[in-house]
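Here is a brief report on one protein model and its ligand. Keep the strands in view while reading.

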Amino acid sequence: MNKLLRNSKLLSPRRSLFPFPFIVTRCHSTDLLENSISNKDNRLRLYEEKYSADMSTPFSPSVKAAMDDLAKQTREQFGNAHMMIPETQGKMLHQLVQLFSVSRILEIGTFTGFSTLAMASALNDKNNKLISLERDPKPQALAKEYIKRLGFEDRVDLRLGSAMESLSTLVEEMPQKQYDLIFIDADKKGYVPYYDFVMDNKLLSDRGIIIADNVLFFGQVHRIAGYEEKSIDEVSKNIRKKAKYAHEFNQHVLNDTRVQVMVLPLFDGVSIITKKRV
Ligand SMILES: C[S@@+](CC[C@H](N)C(=O)[O-])C[C@H]1O[C@@H](n2cnc3c(N)ncnc32)[C@H](O)[C@@H]1O
């Protein structure tokens, strides 16, 4: 293993889920299984991912330092730190916020705020806002700490509680408000209800985008859909269940004539959904 990787903050020797001791884990779910989408021919893409992160324009020094610290704290304090999006995905979200001149963001699934910081750091007007929903107070407290550290308190509104309830509250509080970027990254079972709520309540602005994460959950969703003969018995029931929810979500969106969707085999699978324009 090269020195760069060994020292990488993306990689941690603490929670290796692989049978061999020298393999390190990164902070994302796709590291879990030999049959993850990011692994063709049993080849892990950790090196490519680290390389891609290093070859992508860095976050500003203060944001990068905060995100590195946050990722480290998350790995130290949370057994499920793999839920954080990878750094390159954070850069993608950051760039999309800039590209689409996003001024209002709705995030469903804050966790410790890694993706929150990635997106909030791209908002460039004091009136721009990111609202992020989380039901668990512990990771939310860590997110709050880092939002404060970066002075983002005015632009980020963290809401605690079940996402569905928070969504209803948001509509009651601000009935006309729309969002230019909606990032869905919470419980997989909730994806269809969150998506329906967003669409039915017209929360997405006309030129807005919905980004849904983990739509190829652990490389198992296409198998649930029957695209590969290899058995999925080797993965846990929990992963299978979530892969099934992800497949149901993907079908649901594809069949929704109001939108167009692109499912990208990047990271753990990312869907980009926009309103149909023709
Ligand atoms: C995959 S993590 C989010 C990761 C985060 N976007 C990041 O990149 O660091 C999913 C989060 O959604 C939260 N969550 C799950 N079900 C929820 C629900 N029904 N309401 C609100 N939050 C929920 C979990 O507690 C967890 O923190």
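I209 stands opposite T274 in β9. I209 belongs to strand β7, residues 204-213, and this strand pairs with β9, residues 270-275, over 5 antiparallel bridges. The model is a predicted one.

β9 also pairs with β8, residues 259-264, in the antiparallel sense, here over 6 bridges. In that pairing V261 stands opposite I273 in β9. The hairpin of β8 and β9 has 5 residues between its strands. There, F267 takes a positive phi near 55 degrees.

Not every pairing is antiparallel. Strands β3, residues 104-108, and β6, residues 179-184, pair in the parallel sense over 4 bridges. L106 stands opposite I182 in β6. Either way, strands of a sheet pair through backbone hydrogen bonds.

The three pairings side by side:

| Strands | Sense | Bridges | Facing residues |
|---|---|---|---|
| β7 and β9 | antiparallel | 5 bridges | I209 and T274 |
| β8 and β9 | antiparallel | 6 bridges | V261 and I273 |
| β3 and β6 | parallel | 4 bridges | L106 and I182 |

How do these strands fit into one sheet? The sheet is open, has 7 strands and runs in the order β5-β4-β3-β6-β7-β9-β8, with mixed pairing. β5, residues 156-160, and β8 are the edge strands, and each pairs on one side only. On average, neighbouring strands of this sheet are turned by 15 degrees against each other, direction ignored.

The protein as a whole has 10 helices and 9 strands. Of its 278 residues, 42% are buried. Take the contacts with a separation of 6 or more: residues 24 or more positions apart account for 70% of them.

Which residues have the most contacts inside the largest nonpolar core? They are L117, I182 and I184, in a core of 64 residues. I182 is also the residue that L106 faces across the β3 and β6 pairing. L117 is in contact with V63, A66, M67, L70, Y146 and L150, leaving aside neighbours within four places in sequence.

Now the ligand. How many residues surround the ligand? The count is 19, and the closest are G109, F111, S115, A163 and D187. By class, 9 residues of the shell are nonpolar, 5 are polar and 5 are charged. Helix α5, residues 114-120, and strand β4, residues 129-134, each supply at least two residues of this shell. S115, one of the closest residues, lies within the span of α5.

Notes: Residues numbered from 1 in each chain as written. Predicted model: local features only at pLDDT ≥ 70, side-chain atom pairs only at ≥ 80, totals over all residues. Core = buried A, V, L, I, M, F, W, Y, C linked by C-beta atoms within 7 Å. Buried ≥ 20, exposed ≤ 12 C-beta atoms within 10 Å, placed from the backbone. Contact = placed C-beta atoms within 7 Å. Near = placed C-beta within 6 Å. Nonpolar A, V, L, I, M, F, W, Y, C, P; charged D, E, K, R; others polar. Pairing = 2+ DSSP bridges. Axes fitted to C-alpha atoms, helices over the stretch in contact; angles between N-to-C directions.
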